Amino acid sequence: MRKKPATVRIARWSATHPWSAIGLWVVFVALCLFLGGAAGTNKISDEESGVGEAGRAGRITASGHFIEKPEENVLINAANGGKLDVATARKAAEDLTGKMKALPEVESVGSALPSPDGRALLLPVTMKGDTENADTRVQPLLDASAATEKAHEGIRIDQIGTGSTAKGLGETLGEDFKKAELISLPLTLLILLVVFGAVIAAGVPVLLAMSCVGAAIGLSALASHVLPETSAVSNVILLMGMAVGVDYSLFYLKREREERRKGASHLDAIEIAAETSGHTVVASGTTVVVSMAGLYLAQEATFASLATGSIIVVAVAVLASLTVLPALLAKLGSWVDRPKVPILWLLTMRSSESRLWPVLLRPALVRPVLTLVVSVGALLALALPALDMKLKQPGSDDLSRDIPVVQAMDRLTSAFPSKGTVHQVAVRAPAERAGEVETALKTLLSRTEGQELFAHDQTPTIRASADKRVHTVAVGTPHSPKSDGARKSLELLRAWVPEAIAPVQDAEGAVGGKVAQGVDFTGHLEDRMPWVVGFILLLTFATMVIIFRSLAVALSAILLNLLSAAASFGALVAVFQNTWAEGLLDFHSSGAVVSWLPLFLFVVLFGLSMDYHVFVVSRIREAALDGANVRDAVRDGITRSAGVVTSAAIVMVAVFAIFGTLSMVEFKQLGVGLAAAILLDAVVIRIFVLPALMTALGRWNWWPGNLNSARRGQHAAGSDETRQLRLPQPVPAGATQYGRRPSYGQGFGYGQEFGGQQQTSSREQASAPQQHQQSCAPQDSYGPPQGWTQQEQQGHDGRPDLYPR
């Protein structure tokens, strides 16, 4: 007897021991959250995240072990933005200085400095403690500034610094994500209500996805002690977890319901779903994990962190679908379809074949070559703007100008340019060379004097480490980080620094800062991208060959996903490198795409697109194994999978589109890019390109294999006379119009056609003598084999169980 696939064995145990499976899952999620919270999160430091010369500058600076104190800049200017009353401003500065010095959170307060144009005063304040949690201790300083502003008419006081900026942005962006969560959950539930027509059935996928997100966040915190974590990981886990968690549950639940409608018992329906949709979930999850693993080849800490978080949440979602979901379905029983939503329930339970999908598929099935040329041409036209893609690192200039703290930052950098865009020069040399290093840096600073590319409102201060081995100096520029002026000032400094320190023996120097990080990061990605993309394509191709035993299917999957990714990149460039959508999406175009986004987007899209591709092609292969010709198999497979794939795509597009409403431009671009790609993949690729391509290829779809030898349906059985002389075989639940559907696993390496052992149940063996006596009789009608007991036949719908017990 052939051993059943692992997905079936796991589902059977969970379905027969539901409380144990549910209890183990609850313990697992709780344990992940507890251990993750207890261990804390190890964040990526500046020296770990940098690449190129900017990364080297960060590591040189870090080796100096400078004690970083949180600093606040208090800007006093006219309330109306006009000319400042200097006397009133200085009196306010004195008042504020006294209040700040009295606060236990303040270490020191500097002297008020006038701006070069005389329109503002700057009061520097240094806080006690470290920079990590300055935002939680800065509120008393903000209160003091607000009280001083209120006491002095005609002035405005802005506070920008380590703690206040983090607090202001954190509150704004935190509200963004709360809003996204509050919208995404009800929206997902509403979509699933339309899909299932029942409240409990709609709630199960959402509940499961939320538990996956919680467990993954805890596991990610633990993993951060091996691979440090970036702050965006929790957002990516939420994004990916809700998308794949709901999708995988949807695949499983829809198949289980489909089999029950065909007459299978509840447990049989769960097992069939485990062997079909469960296998698809494993295959889809594997392709996503393989794609995300490609990010490790980028050799950059942020990408490694994003890859780790994504892999964890996808793996947890697959585990949930295979273990606790069967237990929930078994325990809920018929209650999963309650309470029923009027009208929606009737629509979801329609037994008639959809009239829409055959109409949509007709062009691809009737004129496949023409449809393929037109649809591919349209996608390539959409991809054209991607050829002009420009990349840049996100910065303060990409934030919404409606955020109060961002407005305050603009006023500060306008009055004091040296507080805005800053290049960090770092030099390391033997301690005995400290005097020579200081002389070299002073020479460097003298070259910047009179240069319009550099800021001159304050004299840069040279800092030395306690051991005199590391020296740093911050050189400001009046230009915004995204401007050509900022890049030119960086190029000048990088040319001057080696010349300045050349006389110093054993000295090494580098120029870092935000502008440098963006330039170096973009260059690093351009160098590493071919390796990452090549790895993903190769591994995904190998995975698809293993799943489908077909080079043609694997190659077409790669090409179609590349096509949809290119089209989505074109849409991304058209929206965000131009200004026409600024009002619609509430952003300010920087004329570029965030530098880390294309690679990450490509990896995510390639993995998620494979979800649909694996699911749809699996149903097409099932129909082909039943004996259908290619055209019928394509129509049957896509039509039968249309409901679940469309539902899953709508959920993904809705969740991703919500991220397009956030304030940070990188999340806007991520959300719009993902939503556009999934929409293109689910509509254009699935309705036109995929069916047209498979219809045009015909039997070459399964090359180098041959499905003819694997067919065991009526189309491959021979003449009527031959069928009458064959030993009759029980027809499992889920038989199609093409004949007996083989076990799903038989098409993917489990069955007889790939060297496996065909499963024969004990009940089939027991009934063999009676079946043999009837061997000359026609067997076109369904019915239980002779010899079954009355108890075995009770409730039988004319088709024996797929897995007799």
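Visitor: Before we look at any helix pair, what do the axes stand for, and how do their angles run?
Guide: Axes here are lines fitted to C-alpha atoms, for helices over the stretch in contact. Angles are taken between N-to-C directions, and they run from 0 to 180 degrees. Keep in mind that this is a predicted model.

Visitor: Okay, is H4 parallel or oblique to H20?
Guide: Helix H4 covers residues 52-63 and helix H20 covers residues 514-548. Their axes come within 6 Å and cross at roughly 130°. Over 145 degrees would count as roughly antiparallel, and 65 to 115 as roughly perpendicular. The crossing fits neither range, so H4 is oblique to H20.

Visitor: Which residues of H20 make that contact with H4?
Guide: On the H4 side, you've got Gly52, Glu53 and Ala54. By class, the contact has two nonpolar, two polar and two charged residues. Across from H4, the H20 residues are Ala516, Gln517 and Asp520.

Visitor: Is Gly218 buried or exposed?
Guide: Gly218 sits in helix H8, residues 199-223. Leaving aside neighbours within four places in sequence, Gly218 is in contact with Cys32, Leu33 and Gly36. Its relative accessible area is 4%, and the cut-off is under 20%, so Gly218 is buried.

Visitor: How far apart in space are Gly218 and Ala30?
Guide: In sequence, the two are 188 residues apart. C-alpha to C-alpha, the distance in space is 8.9 Å.

Visitor: And Asn73, buried or exposed?
Guide: Asn73 lies in strand E1, residues 71-78. Not counting residues up to four places away in sequence, Asn73 touches several others, including Leu122, Asp158 and Lys419. With a relative accessible area of 12%, Asn73 is buried.

Technical notes: Residues are numbered from 1 along each chain as its sequence is written. This is a predicted model: local features need pLDDT of at least 70, side-chain atom pairs count only at pLDDT 80 or more; totals for chains, interfaces and linings use all residues. Side-chain values use heavy atoms; hydrogens and water are left out. Helices (H or I, at least four residues) and strands (E, at least two) are DSSP runs, numbered from the N terminus. Buried means under 20% relative accessible area, exposed over 50%, partly exposed in between (1.4 Å probe, protein chains only). Contact means heavy atoms within 4.5 Å. Angles under 35 degrees count as roughly parallel, over 145 as roughly antiparallel, 65 to 115 as roughly perpendicular and the rest as oblique. Ala, Val, Leu, Ile, Met, Phe, Trp, Tyr, Cys and Pro count as nonpolar, Asp, Glu, Lys and Arg as charged, and the others, Gly among them, as polar.
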